[in-house]
Amino acid sequence: MKWNNYARLFYTIGLSALLLTVLPVFAQMPQIEQTSILSPVTVTATRSERSTQEIPNAVSQFDRYPQQHFQPGITLDEFARNTPGVFFQNQANFTQDLRISIRGFGARSAFGVRGIQMYVDGIPQTLPDGQTQLDSIDPSLIKQMEIVRGPLASLYGNASGGMIGMTTREAPQERFMVSPRQVFGQYGLFKSELFAGGRHERLDYTVFGSHLQQNGWRDHSNVQNYFSQARLNFKISDDSDLMLLFRKFYSPEAKDPGSLTREQVRDDPRQASARNTQFNAGEEVNQEQMGIRFRKKPTANQELSVTAHMLHRDFQNRLPFFDGGQVQFDRLVGGVAMQYRHDHRLLDKPNRLIIGVDYGIQNDDRQRFNNADGRRGALTLNQIERVQNVGPFFRNEWRVHDKFNLVLGGRWDWLHFQVKDTYQADGNQSGDKTFSQGSGTAGLVYHLNQQHQIYTNIATIFETPTTTELINNPTGRGGFNSALKPQTSLSQELGLRGLIYGFQYESALFYIYSWDEILPFELPEAPGRAFFRNTGESSRLGVETRLATPEWRGLRGEASYTYSDFEFEKYTVDTISLKGNTFPGIPEHRWEGLLRYAHPFGFFGQFHVQHVGTFFVNDTNSVTNNAYTLGQLLFGWGARLRWLEGSIFAGINNLFDERYNANTRINAAFDRYFEPGAPVNMYGGIRLRITPF
């Protein structure tokens, strides 16, 4: 670590120490009656319902508030804005999914999400190999989101950045309710939604469907998809319940405009990459998923749950090169999770023990063909890839003292990767790899009083390469990249949070040291295709802060700031040492602000602003992405008349008409790092809520 980084570290520790000194003073102050005392927030991200005050981790929770009904409903970042430590990119390129990074983990992703475990309604969206596709999650359906920043490998395994858990909208209290919504906007945006649900004795249900089409601001960026979900909850008895979930996603078209050089962005930011147009880069997806969860409470202080899920995905895409540039796979995924929770007393103090095991299996039947200017050419690869993952785990949460919570956890992950080569024109590339390792955590929460806590934790992290990262072999042959290894990390965190006169605050300081970090790169002969390599050693020093105001006359605000000092400690590429270089893809400074308002007469509004600092886009730190500031203004009016509730709304994106890049491709070939974002643009819509009974 460089000397200026030592100075930053000492400054940050000093600031945290000052805050930790001041907060006990606040804790001892006479408690003045507050106008807005929020009830304790409970989360389930730690595999059981717990108050955030008892969790020794940085946790953010977002409930759907009225203004979120009036977002475009396109990408998940609409729901999780203002989260410190979480950086979103790539909201406009649907072939590669929204890119999410937590504390820098996930920034390497060429498509989908890496390094983060994701669940929806308790059903894992992360595959056994560690990758997550976001295309089958509609943000308009999300009711609540929980984000754990920092490692939870001891609970969920095979992830470095943290965990994102989502719950879809619940059934209304009425016997029946239907709510259509229509959104339209510039660049051909047109999204139709229909949500309905109801309750009848021991059954509640919800159904949702949506259709999205958009031409896109850039050339060759149009998209069209359909999504539907049905969820049923049965109250079998007073101590047991059953949930059934069915989900369908179909995208017949999603074009990839590709990335550009800086000079191309200056000349014409709307243009698509010439190669992407030539080879008709894009994808088609057809996916079905179902899940079932059974929970039973044998006694008031015990709970047993069993969750099973299945997924089928038919995928085809075209990459912007000839040799093997068309990919097709048929994916089958299944899994079972069993968990037991027992609340009891240990040495006459409350104690909660959670034990369980996760099992998942993934089978991909994959082919590659030559891409003859968008037409399918000769077969170049045909193989079957299988991944199995078994992970037993435990977590013990003990209230050692009235002011102390002690948490211990551990997990052992066993992952077996297997490839069967059925092509064999270039030899038999069949093989297998087994990765196994334990992960552990220890955490402590100190309660200054009922409203202020200090917490700390230390955790080990284990993350394997995904199947795609293993089979994208730089040698050009099938089989696995034998040089690619798992990455491991050691994380340390110190945080404080609380409530002062209705103001919610949180601050976290963390330091993470990693070995064999996995990062992407491209080769000139296959531009647009990501390969992966281990970096050696790296470090992450970061600070995350957030402040939220109480509601005052319909007005409420939030602000967050993230500082990231991430660098390579040991990394050599082509005999050149990159020690001391900064991680690509992550800004050093980032802040966000959110202000929302609701008037009793039905008028509402929201203003969001985000500033992203300069960051590098390659390991050598020779090219940077410029800083940018984005704003969004949302406004509308709603009214209710007996059984009918209606709203009209409009929004302005990129309010300041900033020229910026919505996505960057790390270590891209031919300096094609940048995917420009759209200028100022507008959208609008109408939403109804009908309760006829």
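These legends walk through several close-up views of a predicted model.

**View 1. An open sheet built from five strands.**
Follow the strands across this sheet of 5 and you get the order β3-β8-β9-β6-β7, with mixed pairing. Who stands at the edges? That would be β3 (58-63) and β7 (123-124); each has a single partner strand, so one side of each is left without a neighbour in the sheet. For β3, look at strand β8 (residues 142-149): the two run antiparallel and are joined by 6 bridges. To get your bearings there, find Q61, which stands opposite E146 in β8.

**View 2. Two aromatic pairs.**
A pair of aromatic rings is described by the distance of the centres and the angle of the planes. The whole structure has 18 aromatic pairs, and here are two of them. In the pair of F208 and F227, the ring centres are 6.1 Å apart and the planes meet at 55°, so this one is tilted. F208 belongs to strand β12 (residues 203-214) and F227 to strand β13 (residues 223-237), so the pair ties together parts that are 19 residues apart in sequence. F208 counts as buried, at 4% relative accessibility, and F227 counts as buried too, at 5%. Now switch to Y673 and F674: their ring centres lie 5.9 Å apart with the planes at 70°, so this pair is edge-to-face. Y673 is buried at 5% relative accessibility, and F674 is buried with a relative accessible area of 3%.

**View 3. A ring cluster, and two charges over rings.**
Rings can also link up in a bigger group: F510, F566, F568, Y571 and F583 are joined into a cluster by ring pairs. Rings meet charges as well. The charged end of R376 sits over the ring of F369, 4.2 Å from its centre. Over the face of F105 you'll find R540, at 3.6 Å from the ring centre.

**View 4. A nonpolar patch on the surface.**
Which residues form this patch? They are F234, I236, F294, L304, V306, V336 and M338, and together they have about 530 Å² of accessible area. Three elements give two or more residues to the patch: β13, β16 (302-318) and β17 (326-346). Take M338 as an example: you'll find M338 in strand β17, and this residue is partly exposed, with a relative accessible area of 43%.

**View 5. Salt bridges between distant parts of the chain.**
There are 41 salt bridges in the structure, and this view picks out two. The side chains of E397 and R50 meet at 2.7 Å, N to O. This pair links distant parts of the chain, with E397 in strand β19 (residues 375-401) and R50 in strand β2 (residues 50-51), 347 residues apart. Are these two residues buried or exposed? E397 is buried, and so is R50. The other salt bridge joins E469 and R114, with their closest N and O atoms 3.4 Å apart. Here E469 sits in helix α5 (residues 467-471), while R114 is in the loop between β5 (99-102) and β6 (116-120), so the pair ties together parts that are 355 residues apart in sequence. Both E469 and R114 are buried.

**View 6. A buried salt bridge and its network.**
E544 and R149 form a salt bridge, and their closest N and O atoms are 2.8 Å apart. E544 lies in strand β27 (residues 537-548) and R149 in strand β8, so the pair ties together parts that are 395 residues apart in sequence. E544 counts as buried at 1% relative accessibility, and R149 is buried with a relative accessible area of 0%. Zoom out a little and both turn up in a network of salt bridges made of R103, R149, E493, E506, E544, R546, E558 and R596.

**View 7. Strand β28 and its partners.**
How much of strand β28 (residues 555-570) is covered? Most of the strand is: 12 of its 16 residues are buried. One partner is β27, paired with β28 in the antiparallel sense over 12 bridges; E537 stands opposite K570 in β28. The hairpin of β27 and β28 has 6 residues between the strands, and there R553 takes a positive phi near 55°. Strand β31 (residues 589-598) also runs antiparallel to β28, with 9 bridges joining them. In that pairing, look for Y563 opposite H589 in β31.

Definitions and conventions: Residues numbered from 1 in each chain as written. Predicted model: local features only at pLDDT ≥ 70, side-chain atom pairs only at ≥ 80, totals over all residues. Heavy atoms only, no water. Pairing = 2+ DSSP bridges. Helix = DSSP H or I, 4+ residues; strand = E, 2+ residues; numbered from the N terminus. Phe/Tyr/Trp six-rings, centres within 6.5 Å; stacked < 30°, edge-to-face > 60°. Buried < 20%, exposed > 50% of the residue type's maximum accessible area, 1.4 Å probe, protein only. Lys NZ or Arg CZ within 6 Å of the ring centre and 35° of its normal. Patch = residues over 30% accessible without salt bridge, like charges linked within 9 Å, V, L, I, M, F, W, Y side chains within 5 Å. Areas by Shrake-Rupley, 256 points an atom, 1.4 Å probe, with all protein chains shown as cover. Salt bridge = Lys/Arg side-chain N within 4 Å of Asp/Glu carboxyl O.
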